[in-house]
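Here are my notes for when you have the structure open. I start with the aromatic rings and then step back to the fold.

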Amino acid sequence: MEEAKIREYIHAIIMKKCTHNESARQDAIGEFITLTMPNIDEKATSSIKSMIPTIAELYDKWAVMFIDRLLETVPRNQIEELCSGTVENDSALVLIYIMFMESERMEKQVADDISEYAPTQDDEQGNIASDYIRAKLSQIAADQEKDKNETPIQ
């Protein structure tokens with residue numbers, strides 16, 4: 001499999017799992033803020049919601065970083081197997097991506113990306129944005145585990 005095809009395939013799998021429509025994203029961010037900071041007012045909530053970049057914008061950047069790292073560290077034959085199109089291998093790609101995102105390096109990258117996106121925001125709002133993104137990754141991992149457990153073994 002050509003590297004360009006590998007990149008395209010992995011990118012599509014990651015983006016499919018990590019993105020959804022903007023309205024649902026805004027609702028989820030609002031709910032997350034309400035749950036994690038019940039004393040925050042509506043104006044601050046709106047400000048925080050607006051500072052969190054679209055999921056697609058960040059996940060696209062991070063998906064490319066993930067693919068680059070995967071290609072640097074994993075033998076080609078194993079990557080090709082992961083790109084075989086099976087539900088199990090697609091799930092494995094998403095789980096590997098989540099582990100990559102949970103690394104110390106990516107924790108710093110997430111913080112840096114949030115800071116770069118909203119340099120005028122205070123630390124508390126930036127922390128909420130970072131926490132939301134981490135919660136989103138945790139939800140994707142939980143959904144992936146649920147899907148894995150519900151898929152019948154053939």
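1. Let's begin with the aromatics. The structure, which is a predicted model, holds 2 aromatic pairs. A pair of aromatic rings is described by the distance of the centres and the angle of the planes, so have both values in mind while you look.

2. Take F66 and Y97 to begin with. Their ring centres sit 5.4 Å apart with 85 degrees between the planes, which makes the pair edge-to-face; the label applies because that angle is over 60 degrees. The pair ties together distant parts of the chain: F66 belongs to helix α4 (residues 55-73), Y97 to helix α6, and 31 residues separate them.

3. Are these two rings' residues buried or exposed? F66 has a relative accessible area of 2%, so it counts as buried. Y97 is at 0% relative accessibility and therefore buried too. The cut-off behind both calls is under 20% relative accessible area.

4. Now the other pair, F66 with F100. Here the centres are 5.5 Å apart and the planes meet at 55 degrees, so this pair is tilted. It also links distant parts of the chain, with F66 in helix α4 and F100 in helix α6, 34 residues apart. Both F66 and F100 are buried.

5. Put the two pairs together and you get one aromatic cluster made of F66, Y97 and F100. If you want a single view to look at, I'd centre it on F66, since F66 pairs with Y97 and also with F100.

6. Helix α6 has another residue I'd point out. E88 is found in this helix, which covers residues 87-101. Is E88 buried or exposed? Its relative accessible area is 52%, so E88 is exposed; the cut-off for that is over 50%. E88 and D147 are 59 residues apart in sequence, while their C-alpha atoms are 9.8 Å apart in space.

7. Stepping back to the fold: how many helices and strands does the protein have? The count is 8 helices and 0 strands. Going along the sequence, the order reads α-α-α-α-α-α-α-α.

8. On contacts, look at those in the protein with a separation of 6 or more: 82% of them are between residues 24 or more positions apart. The links from helix α4 to helix α6 through F66 and Y97, and through F66 and F100, are worth viewing alongside that figure.

9. Last, the surface. Of the protein's 154 residues, 36% count as buried. The protein exposes about 9000 Å², and carbon and sulfur atoms supply 51% of that area.

Methods: Residues numbered from 1 in each chain as written. Predicted model: local features only at pLDDT ≥ 70, side-chain atom pairs only at ≥ 80, totals over all residues. Heavy atoms only, no water. Helix = DSSP H or I, 4+ residues; strand = E, 2+ residues; numbered from the N terminus. Buried < 20%, exposed > 50% of the residue type's maximum accessible area, 1.4 Å probe, protein only. Contact = heavy atoms within 4.5 Å. Areas by Shrake-Rupley, 256 points an atom, 1.4 Å probe, with all protein chains shown as cover. Phe/Tyr/Trp six-rings, centres within 6.5 Å; stacked < 30°, edge-to-face > 60°.
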